[in-house]
Amino acid sequence: IDVGANIGACALPLAQLGYKVIAFEPQPEEVCMLRASAAANRLAGPGVQRLKVVQALAANTSGMREVLQARQVGMDQLPSDSAAGGQRSGEGP
């Protein structure tokens, strides 16, 4: 399980080694890139499911959470962790 998978720096190599990986990532841009990489590397698709990408925010509480989207890929934060500003991108489950 890769929580906060981003573009797949951990999830992709583990899936390539043969592990079944579930990658959680709330940001649409990163999810799109991760799914494209999984398909290009034949890790996901018809008949293959070594890497499952779930577009969701994983947290220790239920309900909706706000996520701040940073100006650079890979720098997203929850508002309570934010010391520097970012752009709001929506809420996760």
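Start with the whole protein chain in cartoon: two helices and seven strands. Keep in mind that this is a predicted model. Trace the ribbon from the N terminus and the elements come up in the order β-α-β-α-β-β-β-β-β.

Still on the full chain, switch on a surface. About 6000 Å² is exposed, and carbon and sulfur atoms supply 54% of that. Of the 93 residues, 27% count as buried. If you like contact maps, here's one number to go with yours: among contacts between residues at least 6 apart in sequence, 51% join residues at least 24 apart.

**Helix 2**

Now select residues 28–40, which make up helix 2. Put a distance between its end C-alpha atoms and you should get 18 Å; that agrees with the 18 Å expected for 13 residues at 1.5 Å a residue.

Show side chains on this helix. Which residues here are buried? Pick E30, V31, L34 and A38. Look down the axis and you'll see these four cover an arc of only 100°, so they sit on the same side of helix 2. Swing round to the other side and you find C32 and A40, both exposed.

What do the buried residues pack against? Colour helix 1 (11–16), strand 2, strand 3 (44–45) and strand 5 (51–54), and you have the partners.

Before leaving, step just past the helix to R42, which follows helix 2 and has a positive phi, near 55°.

**L34**

Zoom in on L34, back in helix 2. Its relative accessible area is 0%, and it is therefore buried. Which residues does L34 touch, leaving aside those up to four places away in sequence? Select A5, N6, I7, G8, L12, A23, L51 and V53 as sticks to see that set around L34. For one of these, N6, draw a C-alpha to C-alpha line to L34: the two are 28 residues apart along the chain, yet the separation is 7.4 Å.

**Strand 2 and the surface patch**

Next, pick strand 2, residues 21–24, and find I22 in it. Is I22 buried or exposed? Neither, quite: its relative accessibility is 34%, so I22 counts as partly exposed.

Add I1 and V3 to the selection and colour the surface. Together with I22, they make a nonpolar surface patch of about 310 Å².

To finish, show two selections at once: the patch of I1, V3 and I22, and the buried residues E30, V31, L34 and A38 of helix 2. Strand 2, which holds I22, is also among the elements that the buried residues of helix 2 pack against.

Technical notes. Residues are numbered from 1 along each chain as its sequence is written. This is a predicted model: local features need pLDDT of at least 70, side-chain atom pairs count only at pLDDT 80 or more; totals for chains, interfaces and linings use all residues. Side-chain values use heavy atoms; hydrogens and water are left out. Patches are made of residues with over 30% relative accessible area and no salt bridge: like charges are joined within 9 Å, nonpolar side chains (Val, Leu, Ile, Met, Phe, Trp, Tyr) within 5 Å. Accessible areas come from the Shrake-Rupley method with a 1.4 Å probe; for residues, only the protein chains shown count as cover. A salt bridge is a side-chain nitrogen of Lys or Arg within 4 Å of a carboxyl oxygen of Asp or Glu. Buried means under 20% relative accessible area, exposed over 50%, partly exposed in between (1.4 Å probe, protein chains only). The expected span of a helix is 1.5 Å times one less than its number of residues. The arc is that of the directions from the helix axis to the C-beta atoms. Contact means heavy atoms within 4.5 Å.
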